[in-house]
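Colleague: Can you pull up the model so we can poke around in it together?

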Amino acid sequence: MKRTPLERRTPLRNRKPLRRSTPPASPRPEPGGEGWAEWEALRAAVHTRSGGRCEAGVVDKCRDRRGDFARLGGHQAHHRKLRSRGGPDEVANLVAVCGYCHDWIHRHPRKATELGLIVPSWADPEVRGLIRPDGSVVLLDTDGGYVPVMDAPQVSA
């Protein structure tokens, strides 16, 4: 009898399902469903904090660098501490990015972590600095604002 690739050769000893080491991410609310208004309010607060600009600005095709971000009407809310790592849906954990930069962040996790766009699973996003496109280092607070970090060196963009 031929097995499918996902079948085990030997059964588990205790026949109990495997447990995840981290809790699963909460499901994203459906548009118009329960919890959708709260998610849209979070996205609006993040967009207001960013001033309608991409907070990453890491790709040459970045809509913000080309001046298209506000005109094309859209940003994506990126979780700095990824949802798969237990990242919460909070203003201090979200950054407004364009689609090009969002793709770059997930394709280059090591560089994105260096810039503060991805936060390790053991870290708190509120105390991890974010390097903005202008080279300044800031912390994101829960009220939807920036807290400048004075001791951090300025990075050329």
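Colleague: Where is cysteine 62 found?

Modeller: Cysteine 62 is in the loop between H1 and helix H2 (63-66); helices here are DSSP runs of H or I with at least four residues, strands are E runs of at least two, and both are numbered from the N terminus. Keep in mind that this is a predicted model, where local features need pLDDT of at least 70, side-chain atom pairs count only at pLDDT 80 or more, and totals for chains, interfaces and linings use all residues. Residues are numbered from 1 along each chain as its sequence is written, and side-chain values use heavy atoms, with hydrogens and water left out.

Colleague: Is cysteine 62 buried or exposed?

Modeller: Cysteine 62 is buried, at a relative accessible area of 1%. The cut-offs are under 20% relative accessible area for buried, over 50% for exposed and partly exposed in between, with a 1.4 Å probe and protein chains only.

Colleague: And what does cysteine 62 touch, not counting residues up to four places away in sequence?

Modeller: Cys54, Gly57, Cys98 and Cys101; contact means heavy atoms within 4.5 Å. The C-alpha atoms of cysteine 62 and valine 97 are 8.9 Å apart, with the two positions 35 residues apart along the chain.

Colleague: Cys101 again, then. Which residues are buried in helix H3?

Modeller: H3 runs over residues 99-107, and its buried residues are Gly99, Cys101, His102, Trp104 and Ile105. Their cover includes strand S1 (76-79), strand S2 (94-97) and helix H4 (109-114).

Colleague: Let's stay with S1. What's histidine 78 up to with its side chain?

Modeller: Histidine 78 lies in strand S1, buried at 1% relative accessible area. Its side chain makes a polar contact of 3.3 Å with the side chain of histidine 102. A polar contact is a pair of N or O atoms within 3.5 Å; within protein, one must be able to donate a hydrogen and the other to accept it, and residues adjacent in sequence count only if both atoms are side-chain atoms. The side chain of histidine 78 also reaches the backbone oxygen of leucine 117 at 2.8 Å.

Colleague: Which side chain does histidine 79 join in a polar contact?

Modeller: That of aspartate 89, at 2.6 Å. Histidine 79 is in S1 too and is buried, with a relative accessible area of 6%. Outside its neighbours within four places in sequence, histidine 79 has contacts that include Arg28, Trp39 and Leu117.

Colleague: Trp39 is in H1, right? Which residues of H1 are buried?

Modeller: Trp39, Leu42, Val46, Arg49 and Ser50. They cover an arc of only 100° around the axis, so they sit on the same side of H1; the arc is that of the directions from the helix axis to the C-beta atoms. They pack against S1, S2, strand S4 (137-140) and strand S5 (146-148). On the other side of H1, Ala37 and Thr48 are exposed.

Colleague: Why would buried residues line up like that in general?

Modeller: An α-helix has 3.6 residues a turn, so residues three or four places apart point the same way.

Colleague: How far apart are the end C-alpha atoms of H1?

Modeller: 21 Å, which agrees with the 21 Å that its 15 residues (36-50) should span at 1.5 Å a residue; the expected span is 1.5 Å times one less than the number of residues. Glycine 51 follows H1, with a positive phi near 70°.

Colleague: Switching topic: what lies over the face of tyrosine 146?

Modeller: Arginine 132, at 4.3 Å from the ring centre. A charge counts as over a ring if NZ of Lys or CZ of Arg is within 6 Å of the ring centre and within 35 degrees of the ring normal.

Colleague: Last bit, the overall picture. How many helices and strands does the chain have?

Modeller: Four helices and five strands, running α-α-β-β-α-α-β-β-β from the N terminus on. Of the chain's 157 residues, 34% count as buried. Among contacts between residues at least 6 apart in sequence, 52% join residues at least 24 apart.
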